[in-house]
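Open the structure in your viewer and keep the sequence panel beside it. This tour says what to select at each stop and what is there.

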Amino acid sequence: RMILLWVYFLLIGMQCIECHVCASNGTTRSFSCVGIKVLQMPTDIPQNTTYVEIKMTKLKVIPSEAFSGLTDLYRIVITENFALEEIGHRVFRNLPGLLEITIAKSINLVIIHKDAFWNLPNLKYLTISNTGLKILPDFSKITSRQHGFLFDLQDNTNIELIPPDAFLGLSNDYISELRLTKNGINEVQSHAFNGTKLEKLFLTGNVNLRKIHNDAFQGAQGPVVLDISSTSISILPKNMLKSIKKFSATSTYNLKKLPNLDIFTELIEANLTYPSHCCAFANWKKNQSAKNPMCNIPHIDQDEPGWYNEHCRKVTEVTCYPRPDDFNPCEDIMGHTYLRVSIWSISILAITGNLVVLIVLMTSRYKLTVPRFLMCNLAFADLCMGIYLLIIASVDIHTKSQYYNYGIDWQTGLGCSTAGFLTVFASEFSMYTLTMITLERWHTITYAMQLERKLRLWHACAMMLSGWVLSFLIALLPIVGVSSYMKVSICLPMDIDTPHSQAYIMFILLLNVIAFFAICICYLKIYLTVRNPSFVSASSDTRIAKRMAILIFTNFICMAPISFFAISASLKLPLITVSNSKILLVLFYPINSCCNPFLYAIFTKSFKRDFFILMSQFGCFKKQAHIYRTETSSAHYSNNRNGTWVSTLKTSEATLYSLVPLDPQHNTPGRATVSKGNKGDAPQSPVQ
């Protein structure tokens with residue numbers, strides 16, 4: 001029975017030890033308070049204690065001078081005390097042997113008194129993490145003399161501000177690492193690091209950090225290594241960059257512009273967010289600001305090549321990551337002068353030509369016919385293409401030689417999305433309208449004698465409404481996530497990383513190829529129809545064929561190279577680089593937009609008539625306008641007198657061919673001939 005009683009008391013004692021008491025260990029000279037039963041700080045800590053651990057207690061306050069007199073103490077760990085709210089004044093005071101303090105995982109700790117840290121000359125490691133602190137404690141009286149001091153302040157999400165002189169007095173020697181990571185910091189104020197000597201500063205993970213004052217490092221030496229990754233900083237203070245040798249800013253998406261490179265006097269390595277920023281350092285070499293005296297040691301370049309390259313070379317290159325990719329090479333939007341000149345010329349030509357066509361057609365005193373309506377739509381589509389080219393040309397001039405600093409804002413901003421939308425909409429709507437114009441001409445010529453099958457204006461409106469909707473939706477898809485306009489500087493949807501994006505590009509290309517072949521087939525049918533001697537005089541065949549050949553050729557040289565290289569790229573087998581694709585963009589892509597207003601409108605006689613009549617209202621070209629009015633009136637009088645009627649069929653010279661009823665005295669009944677006459681009020685549409 002006595003044995004059972006002793007066993008019982010022994011088990012009770014073991015449970016008490018496990019269930020949370022404060023105890024000292026004479027062998028290890030350690031003292032620990034562990035467990036939820038600890039409600040207040042003990043006062044009987046042995047004087048020779050070297051290590052104190054306070055863990056998972058119910059302590060609310062660590063009272064003043066709790067560790068007073070523990071001169072041999074070198075390490076204090078206060079962790080996982082979720083009830084802890086306050087650390088009193090002079091808690092860490094006059095502890096000459098103290099090397100390390102850790103305060104962690106105490107989320108309700110909101111107060112560390114101003115005088116909590118006092119005279120800790122040998123303190124080397126200070127950690128304050130995962131607490132509820134709202135303001136930075138006062139470290140001015142620590143005055144550590146240890147070389148290589150390390151301060152770790154992390155996961156304190158309520159600390160929002162680094163005030164002036166925040167670390168003054170923390171250490172009299174160099175601070176090897178100052179880790180201010182994953183806090184709630186949103187601002188670093190002026191002179192925040194005054195009086196410090198920094199080697200490495202980490203501000204990583206402060207996602208709300210948007211501002212570092214330009215004088216934040218005034219009065220400080222260093223840092224040599226700076227990491228602002230995963231922050232919201234958009235501007236780098238110049239004063240903090242002069243001494244940096246290694247700079248990291250990964251996942252810092254708001255940092256879209258770098259300061260003048262001459263500020264990076266010591267920089268050797270940079271890890272940035274955007275590849276385009278590395279273009280700034282690609283061809284930039286810097287002079288060493290000062291040469292280390294050890295560089296004069298004989299054969300130092302052979303014995304320590306790495307150290308020699310870093311400290312002794314007069315001119316050094318900066319290693320930068322990530323490297324620019326194939327989609328964003330280190331060049332301006334228009335990489336060559338001839339492209340820059342060409343895009344300005346073509347954009348101005350396209351805008352001027354199509355704007356003139358729109359103004360003349362929409363202000364004409366003649367009735368709005370189907371051909372005129374279709375031409376207005378075509379001119380609008382090609383005008384959008386001209387505006388796109390003008391936007392690209394303007395941004396290229398604005399960012400010339402410094403695109404690496406503007407590229408991110410441009411490609412991720414509203415401007416690039418707008419330009420991309422315009423060019424895709426213009427390209428698809430222009431191709432659609434060209435197809436409709438060709439079909440309308442084929443239908444008009446094929447069924448010239450069947451007035452009941454004549455295409456009405458409301459038919460054309462319905463067809464073009466479908467084209468507007470289709471083109472709008474195709475241009476909208478990259479904005480909502482199917483492919484992207486952000487991939488390249490010219491804002492074309494070149495993103496094929498996902499199956500949806502790849503299918504989108506293939507769909508557009510297939511649509512354009514089908515439209516091109518439809519145009520070719522219709523022109524072939526038109527040519528075979530008008531080539532019939534009973535329909536048009538055979539002497540006109542050559543001119544008609546040439547005009548059709550020109551129209552098909554302009555479509556072909558616009559479509560063929562772009563489609564060929566785009567199809568290969570969409571299959572992830574690119575045959576040309578993005579730099580070379582810009583040649584296609586400038587010299588081939590907008591050909592239709594420049595040629596269409598001339599081939600379909602400006603070169604036609606009816607357009608010249610409308611143009612001169614319009615200009616005569618402003619006092620210009622009155623003589624030419626009078627001639628056209630006279631011709632029109634004469635033709636109208638002659639046709640009415642002879643009982644003739646005018647068809648919509650024209651030749652390549654834009655002259656009007658009238659279907660005239662045969663005189664029974666000279667012709668066989670039931671036959672009709674085609675005679676060449678002057679143009680009247682009947683609508684015209686040049687044969688494409």
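Begin with strand β6, residues 86-87, which pairs with β9 in the parallel sense over two bridges. This is a predicted model. Select E86 and look across to β9, where I111 stands opposite. Now add β4 to the selection: the order β4-β6-β9 makes an open sheet of three strands with parallel pairing. The edge strands of this sheet are β4 (61-62) and β9 (111-112), each of which pairs on one side only.

**The whole chain**

Zoom out before the next stop. The protein chain has 15 helices and 26 strands. Its length is 688 residues, of which 48% count as buried. The chain exposes about 33,200 Å², and carbon and sulfur atoms supply 60% of that area. Among contacts between residues at least 6 apart in sequence, 63% join residues at least 24 apart.

**Strand β8 and its partners**

Select residues 100-106, which make up strand β8. Is β8 largely enclosed or largely open? Five of the seven residues of β8 are buried, so the strand is largely enclosed by the rest of the structure.

Next, add strand β5, residues 75-79; five bridges join β5 to β8, and the two run parallel. To see one of the pairs, select V77, whose bridge partner in β8 is T102. Then add strand β11, residues 125-131, which six bridges join to β8, again running parallel. Here the pair to select is S106 and T131, with T131 standing opposite S106 in β11.

**A loop residue after β11**

Follow the chain into the loop between β11 and β12 (149-154), where T143 lies. Phi of T143 is near 45°, which is a positive value in a residue other than glycine. Show the surface here: T143 counts as partly exposed, at 30% relative accessibility.

**Another open sheet of three strands**

Select β13, β15 and β17. In what order do the strands of this open sheet stand? The order is β13-β15-β17, and the pairing is parallel. At the edges stand β13 (161-162) and β17 (211-212), each with a single partner strand, so one side of each is left without a neighbour in the sheet.

Strand β15 covers residues 187-188 and pairs with β17 in the parallel sense over two bridges. Select E187 to find one pair: its bridge partner in β17 is K211. Then step back along the chain to K182, in the loop between β14 (175-179) and β15. K182 is not a glycine, yet it has a positive phi of about 55°.

**Two cis peptide bonds**

Select G222 and P223 and show the backbone atoms. The peptide bond from G222 to P223 is cis, with omega near 5°. P223 has its place in the loop between β17 and β18 (225-227).

Go on to Y321 and P322. The peptide bond from Y321 to P322 is also cis, and its omega is near 0°. P322 is found in the loop between β23 (319-321) and α5.

**Helices α5 and α14**

Select residues 337-363 for helix α5 and residues 605-616 for helix α14. Two packed helices are described by the angle between their axes and the distance between the axes. At what angle do α5 and α14 pack? The angle is about 80°, and the axes are 9 Å apart. The helices α5 and α14 are therefore roughly perpendicular to each other.

Show the side chains of the contact: V356, V357, I359, V360, L361 and T363 come from α5, while F607, D610, F611 and L614 come from α14. Coloured by type, the residues of this contact divide into eight nonpolar, one polar and one charged.

**A glycine in helix α7**

For the last stop, select helix α7, residues 403-412, and find G407 in it. Is G407 buried or exposed? G407 is buried, with a relative accessible area of 2%. Add Y274 and draw a distance between the C-alpha atoms of the two residues. G407 and Y274 are 133 residues apart in sequence, while from C-alpha to C-alpha they are 9.5 Å apart in space.

Methods:
Residues numbered from 1 in each chain as written. Predicted model: local features only at pLDDT ≥ 70, side-chain atom pairs only at ≥ 80, totals over all residues. Heavy atoms only, no water. Axes fitted to C-alpha atoms, helices over the stretch in contact; angles between N-to-C directions. Helix = DSSP H or I, 4+ residues; strand = E, 2+ residues; numbered from the N terminus. Parallel < 35°, antiparallel > 145°, perpendicular 65-115°, else oblique. Contact = heavy atoms within 4.5 Å. Nonpolar A, V, L, I, M, F, W, Y, C, P; charged D, E, K, R; others polar. Pairing = 2+ DSSP bridges. Buried < 20%, exposed > 50% of the residue type's maximum accessible area, 1.4 Å probe, protein only. Areas by Shrake-Rupley, 256 points an atom, 1.4 Å probe, with all protein chains shown as cover.
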